[in-house]
Amino acid sequence: MDFRGQVAVVTGGARGIGKAIAGALAGKGVNLVIADISLEQAKDTAAGLEKLGVKTMPVKLDVSKSGEVIKIFEDISKEFGKIDILVNNAGITRDGLIMRMKEEDWDAVININLKSVFLCSKEAIKAMAKQRYGRIINIASVVAFMGNPGQANYSASKAGIVGLTKTTAKEYASRGITANAVAPGFITTAMTEALPENVKDEMKRAIPLGRFGTAEDVANAVVFLASPDSGYITGQVIHINGGMYV
Ligand code: NAP
């Protein structure tokens, strides 16, 4: 896997799974744009990556705002002159049963998790199509396939990502751009640490490999899909869930 000199954009890359993905790509020599709602955290993460000898660009970005997305991608093109890899990772949860779910919580999750993938892919594809090369990797979730009580908005956003990924793959294959998704199961991050212990114990019993995943488990699959060697894989979903959904 020779990634040297490539440029990747990781949304929500300041912490959690996005930070692990950025770290794994930086370890392969990829220059990194860390695009996150929190500029301070993005700067911290970027400073850590610079120690691996890659160039970084930490930026403040709300991925659900089209104006911000357009501006940031223009800035990235000016700074690096190309974009090889886009990882659409930023995501939130606003859980609640459908009957009690507020419309604003539905909208926030759909906009930040799904609309963002459309907005960022649209801008990245402009650069990738010119260079006739690109790798887009979208972070879905096992709940897109299984459903999950209390996560109507989240599971719908992640199922939407799967359809969007397949369409992106078909629309831009002729330009040398691949689009794939990964669907993590239960991964230990701040997002999942907040769950009550009894819920976590119950979930662990449903995982054949007997443990929760790590952010690095997800990052390893993303690096594989982002590699120049994965050029004949497009429109696919890789499940990373310890066997909880097969
Ligand atoms: P996380 O620890 O909460 O990290 C998400 C990152 O995205 C944070 O840095 C967050 O910034 C940033 N972010 C939030 N809203 C944003 C916005 N509007 N624009 C730009 N950045 C924004 O979450 P995670 O667990 O690493 O999850 C990463 C991805 O994996 C998400 O798409 C999630 O749905 C997916 N996933 C996670 C799991 C799991 O078990 N953890 C399972 C399946 C899928 P702040 O910290 O400042 O809010």
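**Exercise 1.** Decide whether Glu74 counts as buried, partly exposed or exposed, and say in which element Glu74 is found.

*Solution.* Begin with the cut-offs: buried means under 20% relative accessible area, exposed means over 50%, and partly exposed lies in between, with a 1.4 Å probe and protein chains only. Because its relative accessibility is 43%, Glu74 counts as partly exposed. Next, locate the residue: Glu74 is found in helix H3, residues 66–80, where helices are DSSP runs of H or I with at least four residues and strands are runs of E with at least two, numbered from the N terminus. Finally, look at a distant partner in sequence: Glu74 and Ala124 are 50 residues apart along the chain, while their C-alpha atoms are 9.7 Å apart in space.

Before going on, note that this is a predicted model, in which local features need pLDDT of at least 70 and side-chain atom pairs count only at pLDDT 80 or more, whereas totals for chains, interfaces and linings use all residues. Residues are numbered from 1 along each chain as its sequence is written, and side-chain values use heavy atoms, with hydrogens and water left out.

**Exercise 2.** Determine whether Ser64 is buried or exposed, and find the side chain with which its own side chain makes a polar contact.

*Solution.* Ser64 is found in the loop between strand S3 (56–60) and H3. Since its relative accessibility is 12%, Ser64 counts as buried. A polar contact is a pair of N or O atoms within 3.5 Å; within protein, one must be able to donate a hydrogen and the other to accept it, and residues adjacent in sequence count only if both atoms are side-chain atoms. The side chain of Ser64 makes such a contact with the side chain of Asp62, at 2.7 Å.

**Exercise 3.** Describe which protein atoms lie beside the ligand's nitrogen and oxygen atoms, and classify the residues of the surrounding shell.

*Solution.* Start with the polar atoms: a nitrogen atom of the ligand is 3.1 Å from a polar backbone atom of Val63. An oxygen atom of the ligand lies 2.5 Å from a polar side-chain atom of Tyr154, and an oxygen atom of the ligand is 2.8 Å from a polar backbone atom of Ile187. Then sort the shell by class, which gives 14 nonpolar, nine polar and four charged residues; here Ala, Val, Leu, Ile, Met, Phe, Trp, Tyr, Cys and Pro count as nonpolar, Asp, Glu, Lys and Arg as charged, and the others, Gly among them, as polar.
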